[in-house]
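Trainee: Got a minute to go through a model with me? I'd like to start with the sheet.

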Amino acid sequence: MITAIVLIKTSVDRIPEIAEAVAALDSVSEVFSVTGTYDLIAMVRVAKHDDLADVIPGRISKIPGVEGTDTHVAFRTYSQHDLEAAFAIGLDA
């Protein structure tokens, strides 16, 4: 699974509608409304690297009100759940 973090600039008067449209896309697992330079952050998860082109420039960038994106592809994913499981290896519950 390939994970991409997509920073999205939008029309500020349409942030909730754009966030809902992005979240409705199949490969998008979460969308966060944030402060700072970007308005939204989307987590995109796909099976193949080439699928990113279908989702990000092919769908996200075409949503009315999306003004630009900046994509970061994850090398490795760490989560609290994974860390807790790793530290619990060999311990009796």
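Mentor: Happy to; we'll take the sheet, then the helix, and keep in mind that this is a predicted model.

Trainee: What's the strand order in the sheet?

Mentor: The order is β2-β3-β1-β4, in an open sheet of 4 strands with antiparallel pairing.

Trainee: And which strands stand at the edges?

Mentor: β2 (28–33) and β4 (66–73) do, and each has a single partner strand, so one side of each is left without a neighbour in the sheet. On average, neighbouring strands here are turned by 20° against each other, direction ignored.

Trainee: How many bridges link β1 and β3?

Mentor: Strand β1 (residues 2–10) pairs with strand β3 (residues 40–46) over 7 bridges, in the antiparallel sense. Look for isoleucine 5, which stands opposite methionine 43 in β3.

Trainee: What about β2 with β3?

Mentor: That antiparallel pair has 5 bridges, and valine 28 stands opposite valine 44 in β3. Their hairpin has 6 residues between the strands, and glycine 36 there takes a positive phi near 110°.

Trainee: Switching to the helix: which strands does α1 lie across?

Mentor: Helix α1 (residues 15–23) lies across β1, β2, β3 and β4, and runs at about 165° to β2.

Trainee: I clicked on alanine 23 in that helix. What is it in contact with, beyond its neighbours within four places in sequence?

Mentor: Alanine 23 is in contact with Val28 and Val31. Its C-alpha atom is separated by 7.8 Å from that of alanine 42, 19 residues apart along the chain.

Trainee: How exposed is alanine 23?

Mentor: Alanine 23 is partly exposed, with a relative accessible area of 41%.

Definitions and conventions: Residues are numbered from 1 along each chain as its sequence is written. This is a predicted model: local features need pLDDT of at least 70, side-chain atom pairs count only at pLDDT 80 or more; totals for chains, interfaces and linings use all residues. Side-chain values use heavy atoms; hydrogens and water are left out. Two strands pair if DSSP finds at least two bridges between them. Helices (H or I, at least four residues) and strands (E, at least two) are DSSP runs, numbered from the N terminus. Axes are lines fitted to C-alpha atoms, for helices over the stretch in contact, and angles run from 0 to 180 degrees between N-to-C directions. Contact means heavy atoms within 4.5 Å. Buried means under 20% relative accessible area, exposed over 50%, partly exposed in between (1.4 Å probe, protein chains only).
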